[in-house]
Amino acid sequence: MNGELFVVDDLPGEFARRVIAAYQSRRTDLFSFALSGGSTARSCYERLAADSTDSIDWLSVNVYWGDERCVPADDPDSNQLLGRQSLLERVGAANAVYPMTCDEGPDAYQLRLGEIGKLDVVHLGMGPDGHTASLFPDSPALEADPGQLVALNEDPSGRNKHPRMTLTFSGISRSRLVIFTVAGASKRAALEAVMSGEDLPASRVAADHVVWLVDREAAPVDG
Ligand code: 6PG
């Protein structure tokens, strides 16, 4: 496992605190922030929206996504819709919002990422199977060439539906800070496996700095 793990009682609050701190210590005028999908992300963004009113000027934030389902933007399974409903519609206009759209293909998104060099913060969740973003166990994107930052992908097990677009490990690694948020007892086994060195997709995430925020239900028993 790469990074530092913190077991926290208020995961959304700690997530918001760390994003705000990263924003306030940003090195450039514009702050680049890549959103995750999932229910944990939704609660984190609702809290970030509530806690950032006096601390983040969203007009100096460029918003990206770490992965997306290949569905219409108004589909209930859309990560873009999740980010808009739980965060962007609550904080007002951001400087720029760059949804992933499968129709345009991964290369267009890769070019956009190439323009900024590094993302300031990438938010990631983890599934019970140890996937992160849309990097699923035994899926093709796990073996993407190092120069490929964005890829189309699918879950070969069928557990996670829809074709996907996702940052690759290379795409994720071009970030100053990765924040994992892992909540709920259903994640404990995968987290223990990652911590014990098993080669799950989440285990392979590396960046300048990786922080794992874990609630008590997901934390290993002796955690
Ligand atoms: C996705 C997410 C995915 C998610 C995890 C955790 O598009 O499905 O990016 O990687 O973060 O599956 O999701 P939950 O928080 O809902 O458990």
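**Close-up views of the sheet and the ligand site**

**View 1. Seven strands, one open sheet.** In this predicted model, 7 strands line up as an open sheet with parallel pairing, in the order β1-β10-β9-β6-β2-β3-β5. At the edges are β1 (4-7) and β5 (96-97), each of which pairs on one side only.

**View 2. Where β1 meets β10.** Let's zoom in on one end of that order. Strand β1 runs parallel to β10 (residues 210-214), and 4 bridges join the two. If you would like a landmark here, look for glutamate 4, which stands opposite valine 211 in β10.

**View 3. The ligand in its pocket.** Now we move to the ligand, which sits in the largest pocket. There are 15 residues around the ligand, and Ser39, Thr40, Asp67, Ala133 and Lys187 come nearest. Sorted by class, this shell holds 9 polar, 4 charged and 2 nonpolar residues. Two elements that each supply at least two residues of the shell are the helix α2 (39-51) and the strand β4 (67-69).

**View 4. Polar side chains facing ligand oxygen atoms.** Three side chains are worth picking out if you are setting up a contact list. Threonine 40 has a polar side-chain atom 2.7 Å from an oxygen atom of the ligand. For histidine 131, an N or O atom of the side chain is 2.8 Å from a ligand oxygen atom. Serine 36 places a polar side-chain atom 3.2 Å from an oxygen atom of the ligand. As for the surface of the ligand, its accessible area on its own is 430 Å², and the protein covers 87% of that.

Key
Residues numbered from 1 in each chain as written. Predicted model: local features only at pLDDT ≥ 70, side-chain atom pairs only at ≥ 80, totals over all residues. Heavy atoms only, no water. Near = heavy atom within 4 Å. Polar contact = N/O pair within 3.5 Å; in protein donor to acceptor, adjacent residues only side chain to side chain. Areas by Shrake-Rupley, 256 points an atom, 1.4 Å probe, with all protein chains shown as cover. 1 Å grid on protein atoms, 1.4 Å probe; cavity = no way out; pocket = protein on both sides within 12 Å on 5 of 7 lines; lining within 4 Å. Sits in = over half its atoms within 2 Å of the grid points. Nonpolar A, V, L, I, M, F, W, Y, C, P; charged D, E, K, R; others polar. Pairing = 2+ DSSP bridges.
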